[in-house]
Structures are given as structure tokens and as C-alpha cells.
Amino acid sequence: MRKLLIVLGGVLAIAGAGWGVGTQLRSPADEAAARTPPRPSLITVPVERRKLVSTVVVAGTVAYGSPLPITLAGVVGGDEDLQRVTRAPRPGRVTEGAVLMEVNGRPVFAFTGRVPMHRTLTPGARGDDVRQLQKALRAPASGVFDRATIAAVTRFYARKGYEAQRPTIAARQQRDTLRRTVQTARETLLTEQKALDQGRDVLPLKIKLNNARQDLRAAKRALDGAAAESSDAARETAEAAVRAAQEKVLAAEQELAAARATPTTPPAATPTPAPSPPDTQLLELRLANARAELEAARSALSRVGEEARRAWEKRMDELRKTVRDARGAVVAAEQELRQARQLSPVKLRLADARRDLASASSILAEFERTYGTTVPSGEVVFLPKLPAHLRKATAKAGRPVDEVVATVTSSTFMITGAADPKEAELVKKGMEVAIETQSGKSVSGVVRVPGESVRITPSGSKGLKSGDTVTARITVGATDREVLIVPVAAVITAADGRARVLVETATDRTREVEVRTGLTADGAVEVTGDLRPGDRVVVNRG
């Protein structure tokens with residue numbers, strides 16, 4: 001049996017070897033047939049109907065956008081000698097009115113604003129920075145750091161657990177010093193004024209001026225009294241003589257009239273003898289004398305009146321001159337006193353005292369204007385937009401305040417990537433973007449900054465982390481409806497410049513169809529013409 005098996009194995013081995021050799025042997029005809037290329041066939045693809053979207057693909061990196069370094073505009077609190085960080089900035093979200101850090105236990109607040117903090121805001125300060133702070137504190141935006149603003153600042157600090165900055169001990173001491181300086185200057189001025197008024201070179205002239213003023217008052221009284229006088233004793237005597245002469249004339253006229261009225265022949269039956277008639281000639285003479293006396297009295301009265309008038313006018317002239325002289329004496333005395341004061345050695349000290357008082361009062365008024373509750377320049381930082389993201393803190397607790405204390409970014413992510421120069425020309429601001437993360441999640445966004453260095457703002461932050469690499473597909477064009485599309489390779493341009501496609505009608509048979517092309521995207525192109533969905537167009541003749 002063993003021998004039989006050995007023989008059978010050998011036979012099978014010889015048969016296998018013969019079969020192998022036989023398969024490797026070909027005739028010349030077989031070799032020629034094997035080397036002849038196959039008959040070429042058409043490569044076709046179907047016409048489709050769908051919306052066509054053209055995109056630019058960009059690989060980008062996720063990060064918070066718009067980095068901005070933060071510096072303090074000045075001191076925090078009132079101590080300018082040492083500014084030491086007592087609470088460092090903490091990375092994270094920064095909101096309106098948040099405390100960024102503490103220096104010497106005092107807060108540094110963040111507010112929204114375009115005007116940078118550049119000075120300490122004191123009572124009476126005016127400007128856009130004041131108005132900006134008022135809006136942040138929801139106080140009346142008058143642009144003046146007034147009492148309403150001070151109240152708003154005080155309330156805000158209290159809500160945050162701090163006390164608004166009150167005048168420092170040094171400021172209070174300075175205020176007291178300025179007040180004492182003003183008081184001292186005022187006392188010095190009074191002393192110098194008194195010394196000037198009581199000086200030997202001035203006192204006699206003051207007495208002379210007082211005497212001149214008294215003489216002027218007496219002269220005015222005399223003038224007023226003389227103006228009220230209207231007669232004197234001589235005039236009264238002359239007037240009495242005139243009145244007596246008038247009475248004599250009247251009596252003589254009455255006697256003469258009575259005498260003339262008496263009858264000269266008595267009646268015959270009168271038994272008694274008639275009295276003798278009055279002597280009218282005597283009475284006429286008496287009347288003439290009386291009239292002469294009256295005329296003489298009147299002449300005398302006229303002479304006395306004229307003389308009295310002249311005397312009164314002369315006296316009035318003398319009194320007026322006395323008043324003028326007295327007034328001139330007063331003016332001269334005043335001028336002498338003024339010149340004496342100007343030429344007095346004390347006068348220089350008095351002028352210096354006046355200047356010292358004016359200067360001290362001006363400095364005190366200026367200091368008082370800004371004295372009170374203030375907002376130190378380092379206690380507020382205005383940022384263009386809040387909320388923001390504090391990315392990096394430079395200031396460290398226990399160390400002095402550096403120039404840059406922290407860096408903030410916008411609170412939203414920004415994706416930055418590089419686009420092909422030719423494709424970058426297609427990218428425009430506001431274009432829609434589809435963002436794919438490494439984990440396969442999708443987020444939408446828009447282009448904010450076009451160009452070769454594209455910046456994209458995602459619509460949300462879910463699924464995104466700072467530092468991640470993402471793929472952004474920017475939609476640079478799209479059809480507003482479903483259209484017929486074919487591969488770009490299917491479109492050929494004839495000698496007449498018109499576009500055509502070859503449509504397969506049967507095996508290895510085609511017909512030309514003229515088309516108009518539209519949007520191109522991802523190797524496909526929009527076409528219109530005598531085509532239907534499902535038609536197969538030639539992309540390669542083989």
C-alpha cells in the first residue's frame with residue numbers, strides 16, 4: 001500500500017508540472033491578440049437637477065477676536081507714591097461695571113466707552129469723558145461732574161463694596177493750609193492799612209481834610225440861609241413911612257371932600273347963626289403936602305430896596321465864593337492825602353499785602369473747585385465693547401503696577417484662516433460660512449474681514465474651543481432654485497465660440513446639444529438647453 005501511494009503521488013506531481021508548463025505556452029496569434037488595445041468606449045455621467053452652491057474652503061483656527069491691551073491712565077486711589085497690585089486680573093468674561101483688579105485695595109472698574117480715561121475726574125470737570133461716565137452710571141448726562149454725578153459715583157462704589165474716593169489726608173491738610181494763608185494775608189492787609197492811616201505823614205492831612213469838609217458844610221448852610229432872606233430893618237422902616245404917608249393923604253382927601261360938600265349959604269328961616277365954612281385952600285395945601293410926603297416915602301423905599309438887593313446879591317456872591325473855596329479846599333486835602341498815602345513807605349507793604357491776599361484767595365478758590373469726591377484716573381478703564389474676554393493677565397498680585405496690566409479680547413470667537421489668492425477675490429464681507437469642527441459638529445458664521453487672511457465670526461460658540469482647527473466653507477455663490485448641472489468636463493466650446501455638450505443617444509452614439517452655462521462650483525456647472533435630468537453627457541471619449 002505504501003508503494004502504491006508513492007507511485008500515485010509521483011504521477012500527480014508530473015501531471016501538475018506538465019499543466020503548469022502548458023499554461024505558459026502561447027501561439028504567436030494569441031500573443032498578438034493579447035497586445036491589441038480594447039475598443040474605446042464613451043464615459044458618461046447623468047444630468048442632475050439640484051441647487052448649486054459655490055464655496056471657498058479655508059482651514060482656520062478658533063480664537064477670541066480683537067485683542068486689546070489694558071493700561072491704567074493714572075493712579076488708583078490717592079496715594080501716588082506706591083501703586084501695588086493687591087488683586088490681579090483674572091482671565092474670563094468681563095462685563096459692564098466689573099472689577100478688573102485692585103491696586104492698594106482700591107478697585108479698577110471696566111465700562112463701555114470710546115473716549116479713553118486720561119485724567120482724574122473732579123467736581124466741576126467738563127467733557128466727553130465725564131458724559132461717558134455719567135451714561136455708564138445712568139446719571140444725567142450733562143457732561144459736567146456735578147452733585148448728581150457725585151451721588152451716582154458714591155452709590156455705584158457702595159454697591160460694589162467700596163467707598164468712593166474722598167479727599168486724602170494730604171488734600172485736607174493742603175486745604176487747611178490754604179485757608180490759613182488767606183486768613184494771614186487778610187490780617188496783614190488790615191494791619192498795613194491801619195499803619196498807613198495812622199502814619200505821621202498821613203494823620204495831619206486826614207485832620208486837614210476833616211476840617212475842610214466841616215468848613216464846606218458851614219459855607220453851604222450860610223448860603224442856604226442867605227438865599228431865604230427877603231428884607232432887613234431899613235427896608236421895614238421905609239415901608240412903614242410909606243404906609244404913614246398913604247394914611248395922611250387919605251385923611252387929607254377925606255377932609256377936603258367933606259369941606260367941599262358943606263353948603264356956603266344957610267337957609268333964611270334958620271334962627272341960629274350958621275357956622276363959618278371950612279377953609280378949602282388950607283385943606284388942599286394939606287393934601288398936597290401929604291402927597292409930597294407919600295412920594296418922598298416911596299422914593300426912600302425904592303432907594304432902600306435897591307440898596308438891600310445889592311447888598312443881598314453881594315452877600316450871596318461872597319457866600320458862593322466861600323462854598324467854592326471850601327469845596328476846593330476839600331479836593332486839595334483829599335489829593336494831598338492820596339498823594340501822601342501813595343508816597344508813604346507803608347504803601348508798598350500795603351500793595352504787597354493786597355497782591356498776596358488776591359493770590360491766596362485765587363489758589364484757595366481753585367482748590368475748592370476740585371475738592372470733594374473724585375474718580376481717580378486709574379480706577380476706570382473704558383473699553384470699546386463689553387462684554388469682553390480677559391485673555392491674559394500681566395499684572396501680578398504683590399507687584400507694582402506695570403504699563404500693561406492685562407489683555408482683553410471680544411467675548412465672541414473669531415476664526416482666522418488663509419485663502420488661495422485667486423479664491424480670496426471671490427470672498428466678500430457678510431458672506432455665509434459653514435464651519436465644521438474636528439469632532440464633526442457644524443456651526444454657521446459670516447465673513448467679517450475678507451481677503452487672503454480671512455476672518456470669520458461664528459454665530460455661536462457651542463462646540464468651539466479656543467485653539468481648535470476647523471474647516472470653513474464660504475459660500476461665494478449659489479442658485480436660488482434647482483437647476484440642471486453637468487460636470488465642467490462635459491462642456492466643450494466649438495469653433496463658433498458656443499458651448500455644447502454631447503448627449504449619448506445609443507451605445508457609442510451621441511448628439512450635440514447647445515447650452516448656456518451659469519454658476520460653476522465643485523467641478524459642476526449650471527446649464528440651460530435641450531436637456532433633461534437623467535440624460536447622459538459625455539465627459540471623456542475614452
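Q: Buried means under 20% relative accessible area, exposed means over 50%, and partly exposed is anything in between (1.4 Å probe, protein chains only). What makes E368 partly exposed?
A: E368 has a relative accessibility of 27%. That value sits between the 20% and 50% limits, so E368 counts as partly exposed. As for the ground rules, this is a predicted model: local features need pLDDT of at least 70, side-chain atom pairs count only at pLDDT 80 or more, and totals for chains, interfaces and linings use all residues. Residues are numbered from 1 along each chain as its sequence is written, and side-chain values use heavy atoms, with hydrogens and water left out.

Q: How do you know that E368 and R175 form a salt bridge?
A: A salt bridge needs a side-chain nitrogen of Lys or Arg within 4 Å of a carboxyl oxygen of Asp or Glu. Here the closest N and O atoms are 3.0 Å apart, so the pair passes the 4 Å test. In general, side chains of opposite charge can pair when their charged atoms come close.

Q: Why can you say that the E368 and R175 pair ties together separate parts?
A: E368 lies in helix α9 (residues 345–369) and R175 in helix α5 (residues 169–197), so the pair joins parts that are 193 residues apart in sequence. Helices here are DSSP runs (H or I, at least four residues), strands are E runs of at least two, and both are numbered from the N terminus. R175 and E368 also belong to a salt-bridge network together with R179. Across the whole structure, the search finds 21 salt bridges.

Q: What makes E253 and R291 a salt bridge, and where do the two residues lie?
A: Their closest N and O atoms are 3.0 Å apart, which is within the cut-off, so the pair counts. E253 is in helix α7 (residues 233–261) and R291 in helix α8 (residues 280–343), so this bridge ties parts 38 residues apart in sequence. At 32% relative accessibility E253 is partly exposed, and at 43% R291 is partly exposed too.

Q: How do you know that R511 and D530 count as a salt bridge?
A: The N to O distance is 3.9 Å, and that is still within 4 Å, so the pair qualifies. This pair links distant parts of the chain, 19 residues apart: R511 is in strand β20 (residues 509–521), and D530 is in the loop between β21 (524–529) and β22 (536–540).

Q: Why is T479 called buried?
A: T479 has 13% relative accessibility. That is under 20%, so the label is buried. T479 is found in the loop between β16 (469–478) and β17 (483–487).

Q: What makes the approach of T479 to R481 a polar contact?
A: A polar contact is a pair of N or O atoms within 3.5 Å; within protein, one must be able to donate a hydrogen and the other to accept it, and residues adjacent in sequence count only if both atoms are side-chain atoms. A polar atom of the T479 side chain lies 2.8 Å from the backbone oxygen of R481, so the distance is within 3.5 Å.

Q: Why are D420, E423, E425 and E452 called a negative patch?
A: Asp and Glu count as negative, Lys and Arg as positive, while His and the chain ends are not counted. Patch residues have over 30% relative accessible area and no salt bridge; like charges are joined within 9 Å, nonpolar side chains (Val, Leu, Ile, Met, Phe, Trp, Tyr) within 5 Å. Take E425: its relative accessible area is 60%, which is over 30%, so E425 passes that part of the test. E425 lies in the loop between α10 (421–424) and β13 (432–436).

Q: Which residues form a positive patch, and how exposed is R138?
A: R138, R155, R159 and K160 form a positive surface patch. R138 reaches 81% relative accessibility, over the 50% limit, so R138 counts as exposed.

Q: What is notable about the phi of R138 and the bond from L386 to P387?
A: Most residues other than glycine have a negative phi, and most peptide bonds are trans. R138 has a positive phi, near 60 degrees, and the peptide bond from L386 to P387 is cis, with omega near 5 degrees.

Technical notes:
Accessible areas come from the Shrake-Rupley method with a 1.4 Å probe; for residues, only the protein chains shown count as cover. The place of a charge is taken as NZ of Lys, CZ of Arg, CG of Asp or CD of Glu.
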